[in-house]
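Open your viewer and get ready to click through a protein one stop at a time. At each stop you'll get something to select and a note on what is there.

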Amino acid sequence: MAGSVFTRCVSRTLQSGFRVRGAERHYWTTLRRTTALTSGRAAVLLGLPAFSCLAYQAYHRVQSSAVIYALEKEEVLEQADYLYSCAETEKLYQLLLQYKDSDNAEFLWRLARASRDLALLPDTTAERKKQLTFEAFEYVKKALEKDDNCFAAHKWYAVCLSDIGDYEGVKVKIGNSYIIRNHLERAIELNPKDATSLHILGYWCFAFAELPWYQRKVAAVIFSSPPDSTYEELILTSTAKTC
């Protein structure tokens with residue numbers, strides 16, 4: 001009897017002990033999970049400032065690069081304009097040639113102008129002159145593709161198109177006259193105060209106003225409506241130039 005009571009007491013004690021231990025085990029397991037979750041949150045919370053800092057630094061580097069590029073662009077253009085004003089044609093050409101693959105129209109039309117000026121130098125060979133003339137046209141054509149609202153690109157497109165007409169025959173040159181006039185008028189529309197565009201358009205009007213009658217007849221045979229101009233148009237252009 002006593003033995004059975006003792007056995008039952010031991011059994012109850014062991015069972016109670018196992019329950020306590022199980023509860024403790026559950027408590028520690030829960031604690032570990034809670035600590036792990038809390039630690040994870042802490043890691044995330046600690047990681048957020050570091051991530052934000054890295055993102056800010058990356059953004060700052062991008063912004064700095066854009067500013068540096070803008071400064072470099074302005075400095076190069078300023079140097080290019082200075083070399084042009086000093087008639088340093090070869091140096092100007094070599095400077096801008098580094099930007100021949102640029103997507104910036106400001107670089108490209110200046111390179112076209114420099115190429116043309118180099119072609120016109122007296123010591124340039126005939127072969128080199130032709131090469132530079134066509135290169136100039138390609139550069140300014142690309143400039144227009146990049147920025148159709150650049151008045152200088154329209155102006156030098158007209159000039160360079162006229163130049164390559166010297167190598168492609170009279171028919172092509174006369175046919176290009178329409179395009180030349182359109183680009184000059186567009187350049188003036190974009191910048192009415194540009195004296196060079198007004199001067200070239202005035203010269204265009206004068207050339208076709210002065211065209212002899214027999215040349216008009218030849219042009220009429222080639223084209224149904226050849227390029228035409230009057231002295232009135234020339235006067236209007238000259239008036240706009242002086243305003």
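Are D163 and R116 buried or exposed? Select them both and take a look: D163 and R116 are both buried. Keep in mind as you go that this is a predicted model.

**Stop 1: the whole chain**

Zoom out and switch to a cartoon view. You should find nine helices and zero strands in the protein chain. Starting at the N terminus, the order of elements reads α-α-α-α-α-α-α-α-α. Now colour by accessibility if your viewer can do that: of the 243 residues in the protein chain, 30% are buried.

**Stop 2: back to the opening pair**

Select D163 and R116 again and show their side chains. D163 makes a salt bridge with R116, and the closest N and O atoms sit 2.4 Å apart. D163 belongs to helix 5 (residues 151-168) and R116 to helix 3, so this pair ties together parts that lie 47 residues apart in sequence. In general, side chains of opposite charge can pair when their charged atoms come close.

**Stop 3: another bridge from helix 3**

How many salt bridges does a search of the whole structure find? The count is nine. For one of them, select R110 and D81: they form a salt bridge whose closest N and O atoms are 2.9 Å apart. This pair links distant parts of the chain, with R110 in helix 3 (residues 105-119) and D81 in helix 1, 29 residues apart.

Are the two ends of this bridge equally covered? R110 counts as buried because its relative accessible area is 9%, under the 20% cut-off. D81 has 33% relative accessibility, so it counts as partly exposed.

**Stop 4: a bridge that starts in a loop**

Next, select D194 and K155. D194 forms a salt bridge with K155, and here the closest N and O atoms are 3.2 Å apart. The two come from distant parts of the chain, 39 residues apart: D194 is in the loop between helix 6 (170-190) and helix 7 (195-209), while K155 is in helix 5. D194 counts as buried at 13% relative accessibility, and K155 is buried too, at 7%.

Before moving on, add E106 to your earlier selection of D81 and R110. Salt bridges that share partners join D81, E106 and R110 into one network.

**Stop 5: a negative patch on the surface**

Switch on the surface and select E72, E74, E75 and E78. What kind of charge gathers in this patch? The charge is negative, and these four residues make up a patch on the surface. Pick out E78, which sits in helix 1 (residues 2-85). E78 counts as exposed because its relative accessibility is 59%, and exposed means over 50%.

**Stop 6: an unusual backbone angle**

Follow the chain to A87, in the loop between helix 1 and helix 2 (89-97). Most residues other than glycine have a negative phi. A87, though, has a positive phi, near 60°, and is not a glycine. A87 is exposed, with a relative accessible area of 58%.

**Stop 7: cysteines**

How many disulfides does the structure hold? Zero. Select C86 and C150 to see how covered they are. C86 is partly exposed, at 34% relative accessible area, whereas C150 is buried, at 6%.

**Stop 8: neighbours across the sequence**

For the last stop, draw some C-alpha to C-alpha distances.

- Select L144, in helix 4 (residues 126-146). L144 counts as buried at 10% relative accessibility. Its C-alpha is 9.0 Å from that of L108, and the two are 36 residues apart in sequence.
- Select A152, in helix 5. A152 is buried, with a relative accessible area of 3%. A152 and L190 lie 38 residues apart in sequence, with 9.1 Å between their C-alpha atoms.
- Select E189, in helix 6. E189 counts as exposed, at 56% relative accessibility. The C-alpha atoms of E189 and F151 are 8.1 Å apart, and these residues are 38 residues apart along the chain.

Terms used. Residues numbered from 1 in each chain as written. Predicted model: local features only at pLDDT ≥ 70, side-chain atom pairs only at ≥ 80, totals over all residues. Heavy atoms only, no water. Patch = residues over 30% accessible without salt bridge, like charges linked within 9 Å, V, L, I, M, F, W, Y side chains within 5 Å. Areas by Shrake-Rupley, 256 points an atom, 1.4 Å probe, with all protein chains shown as cover. Lys, Arg positive; Asp, Glu negative; His and termini not counted. Charge placed at Lys NZ, Arg CZ, Asp CG, Glu CD. Helix = DSSP H or I, 4+ residues; strand = E, 2+ residues; numbered from the N terminus. Buried < 20%, exposed > 50% of the residue type's maximum accessible area, 1.4 Å probe, protein only. Disulfide = S-S within 2.5 Å.
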